[in-house]
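Reader: I've got a new model open and I'd like to learn how to read its features one by one. Can you walk me through it?

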Amino acid sequence: MNKTRMDKTRRTLLLLVLVAFPFSSFSQDVTTQQQPVQPTDKNLLHSAVGGTHIPMQSVPPAIINPYAKDKNSIAQGAKLFSSMNCVGCHASQGGGGMGPPLSDSQWIYGSRPEQIFLTIAQGRPNGMPAFGSILPDDSIWKLVSYIQTLSPPNKPETP
């Protein structure tokens, strides 16, 4: 192979790599699932909130609910659900009323544990009050544990 042809081949390969690299790294970021992480303020700050119209550059790591599947915590969450008057808007068993149902698979702000936590802690427009200044994080996580028992087990994940 002569030198001119080798140089042309190298330039073509380099151009292909430069053109293909941004697309391959973008698609890899979006599809790569990270390991679940412990709930911290920083991790919660970077969690996805519902199905926004802005495309995500990468999938944030899922945040572990420290009380997930703990029967005592779920029972405490059920008591909090009643005593904090969540039933006033979401009805008993989360069937919905003035507030959206919590027992279906359609969640406006997301159904992952960290998304439910943020909804309770920060509140949402159109009626959901913020309880973050009233309830400690442990109580909010127990509420999350209970609320997740109200939904069907095979509900689709909200992005």
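Reader: Let's start with Y146: buried or exposed?

Author: Keep in mind that this is a predicted model. The general idea is to compare the relative accessible area with a cut-off, and buried means under 20%. Y146 has 10% relative accessibility, so Y146 counts as buried. F81 comes in at 2% and is buried as well.

Reader: How many aromatic pairs does the structure hold?

Author: Two. For each pair, look at the distance between ring centres and the angle between the planes; under 30 degrees counts as stacked and over 60 as edge-to-face, with the rest called tilted. F81 and Y146 are 5.3 Å apart centre to centre, with 55° between the planes, so theirs is a tilted pair. That pair links distant parts of the chain, since F81 sits in helix α3 and Y146 in helix α6, 65 residues apart.

Reader: And how do F117 and W141 pair up, stacked or tilted?

Author: Stacked: their centres are 4.5 Å apart and the planes make an angle of 25°. F117 belongs to helix α5 and W141 to helix α6, so this pair ties together parts that are 24 residues apart in sequence. Both F117 and W141 are buried.

Reader: Which residues touch the most other members in the largest nonpolar core?

Author: That core has 21 residues, and the ones touching the most other members are F81, F117, I120, I140, L143, V144 and I147. Next, check which elements supply it: α3, α5 and α6 each bring at least two residues. The top contributor is α6, with seven.

Reader: Why is α5 described as largely enclosed by the rest of the structure?

Author: Count buried residues along the helix. In α5, nine of the ten residues are buried, so the rest of the structure largely encloses that helix. The buried set includes P113, E114, Q115 and I116, along with F117 from the stacked pair. Just past the end of α5, G123 has a positive phi of about 75°.

Reader: Which residues other than glycine have a positive phi?

Author: Look at N85 and N126. N85 has a phi near 60°, and N126 one of about 70°. Then ask where they sit: N85 is in the loop between α3 (71-83) and α4 (87-90), while N126 is in the loop between α5 (113-122) and α6 (137-150). As for accessibility, N85 is partly exposed at 49%, whereas N126 is exposed at 83%.

Reader: How do I read the largest pocket?

Author: Start with volume, then the lining. The volume is about 610 Å³. There are 28 lining residues, and H90, P100, L102, T119 and M128 are the closest to the centre. The elements giving two or more residues to the lining are α4, α5 and α6, and α5 gives the most, with three. By character, the lining divides into 19 nonpolar residues, eight polar and one charged.

Reader: Last one: how many disulfides does the structure hold?

Author: Zero. A disulfide is a covalent bond between the sulfur atoms of two cysteines. To test a candidate, check the sulfur-to-sulfur distance against the 2.5 Å cut-off. The cysteine sulfur closest to that of C86 is in C89, 8.4 Å away, which is too far for a bond. Going the other way, C89 also has C86 as its nearest partner at 8.4 Å, and C89 is in no disulfide. C86 is buried, at 14% relative accessibility, while C89 is partly exposed at 29%.

Note on methods: Residues are numbered from 1 along each chain as its sequence is written. This is a predicted model: local features need pLDDT of at least 70, side-chain atom pairs count only at pLDDT 80 or more; totals for chains, interfaces and linings use all residues. Side-chain values use heavy atoms; hydrogens and water are left out. Helices (H or I, at least four residues) and strands (E, at least two) are DSSP runs, numbered from the N terminus. Buried means under 20% relative accessible area, exposed over 50%, partly exposed in between (1.4 Å probe, protein chains only). On a 1 Å grid over the protein atoms alone, a cavity is a set of points where a 1.4 Å probe fits but cannot get out, and a pocket is an open set with protein on both sides within 12 Å along at least five of seven lines; lining residues have an atom within 4 Å of a point. Grid points are joined across faces, edges and corners, and a volume is the space filled by probe spheres set on the points. Ala, Val, Leu, Ile, Met, Phe, Trp, Tyr, Cys and Pro count as nonpolar, Asp, Glu, Lys and Arg as charged, and the others, Gly among them, as polar. A nonpolar core is a set of buried Ala, Val, Leu, Ile, Met, Phe, Trp, Tyr and Cys residues joined through side-chain atoms within 4.5 Å. Rings of Phe, Tyr and Trp (its six-membered ring) pair if their centres lie within 6.5 Å; planes under 30 degrees apart count as stacked, over 60 as edge-to-face and the rest as tilted.
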